[in-house]
Amino acid sequence: MMTQDARWIDIGLASHIEPGTARTLPVQGGEEIAVFRTMRGEVYALVNKCPHKHGPLSQGIIHGDSVSCPLHNWRISLRSGEALGEDKGCTPTIPIKLDGGRIYISRKEALAGSRAEA
Ligand code: FES
């Protein structure tokens, strides 16, 4: 039986990301992805670019289910990618699923910004 699903990319165990931190995934020819784990253990994946001036969101501070951009402190929802409060803009999010403690990200959105289709 096939256990690999072409729609999803296995990016490893959720437990390998400390709660309250993020790690980044390079995408060949495309936008780097940031994978966040909240203190409550939820996992979200977004393009690693603030909607303001492309600050690296993976280096921001996670509060609940939002992250503060390290450059000018905009708060970005990890659920929707939307800037919160007065600020306007949206970072693309990557659908994920958790299965057996592993994180899978949607291939289509993960490679959306990539010229070299895998
Ligand atoms: S680049 Fe993120 S707040 Fe300015």
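In which loop is the place of histidine 54? This question opens a set of exercises with worked solutions.

The model is predicted: local features need pLDDT of at least 70, side-chain atom pairs count only at pLDDT 80 or more, and totals for chains, interfaces and linings use all residues. Residues are numbered from 1 along each chain as its sequence is written.

**Exercise 1. Locate histidine 54 and asparagine 73, and describe their backbone and exposure.**

Step 1. Histidine 54 lies in the loop between strand 4 and strand 5. Helices (H or I, at least four residues) and strands (E, at least two) are DSSP runs, numbered from the N terminus.

Step 2. The phi of histidine 54 is near 65°, a positive value in a residue other than glycine. Most residues other than glycine have a negative phi.

Step 3. Histidine 54 has 14 other C-beta atoms within 10 Å and is therefore partly exposed. A residue is buried if 20 or more other C-beta atoms lie within 10 Å of its own, exposed if 12 or fewer, and partly exposed in between, with C-beta atoms placed from the backbone.

Step 4. Asparagine 73 belongs to the loop between strand 6 and strand 7. Its phi is positive, about 70°, although asparagine 73 is not a glycine. With 13 other C-beta atoms within 10 Å, asparagine 73 is partly exposed.

**Exercise 2. Give the overall composition and dimensions of the protein.**

Step 1. The protein has 1 helix and 10 strands, and along the sequence these follow the pattern β-β-β-β-β-β-β-β-β-β-α.

Step 2. The radius of gyration is 14 Å, close to the 13 Å that the globule rule gives for 118 residues, so the protein is as compact as a globular protein of that length. The radius is taken over C-alpha atoms, and the rule is 2.2 Å times the number of residues to the power 0.38.

Step 3. The C-alpha trace spans about 50 × 35 × 20 Å along its principal axes. Of the 118 residues, 31% count as buried.

**Exercise 3. Trace the sheet of 4 strands from edge to edge.**

Step 1. This open sheet has the order 2-3-4-8, with antiparallel pairing; two strands pair if DSSP finds at least two bridges between them. Strand 2 (21-25) and strand 8 (93-94) are the edge strands, each pairing on one side only.

Step 2. Strand 2 is joined to strand 3 by 5 bridges in the antiparallel sense, and threonine 24 has alanine 34 as its bridge partner in strand 3.

Step 3. Strand 3 and strand 4 also run antiparallel, joined by 5 bridges; phenylalanine 36 has tyrosine 44 as its partner in strand 4. Their hairpin has 5 residues between the strands, and glycine 41 there takes a positive phi near 95°.

Step 4. Strand 4 is joined to strand 8 by 2 bridges, again antiparallel, with leucine 46 opposite threonine 93 in strand 8. In strand 4, 4 of the 5 residues are buried.

**Exercise 4. Which strands stand at the edges of the sheet with the order 5-6-7?**

Step 1. The sheet is open, has 3 strands and pairs in the antiparallel sense. Strand 5 (61-63) and strand 7 (75-77) stand at the edges with a single partner strand each, so one side of each is left without a neighbour in the sheet.

Step 2. Strand 5 is joined to strand 6 (residues 66-68) by 3 bridges. Within this pair, isoleucine 62 has valine 67 of strand 6 as its bridge partner.

Step 3. Isoleucine 62 is also touched by glycine 20, which further touches Thr38 and Met39, not counting residues up to four places away in sequence. Here contact requires C-beta atoms, placed from the backbone, to lie within 7 Å.

**Exercise 5. Place isoleucine 105 in the nonpolar core.**

Step 1. Such a core is a set of buried Ala, Val, Leu, Ile, Met, Phe, Trp, Tyr and Cys residues joined through C-beta atoms within 7 Å. The largest one has 27 residues, of which Ile33, Val35, Phe36, Ala45, Leu46 and Ile105 touch the most other members.

Step 2. Strand 1 (8-13), strand 3 (33-37), strand 4 (43-47) and strand 10 each give two or more residues to this core.

Step 3. Leaving aside neighbours within four places in sequence, isoleucine 105 is in contact with Trp8, Ile9, Ile11, Ala45, Ile94, Ile96 and Ala110.

Note on methods. Contact = placed C-beta atoms within 7 Å.
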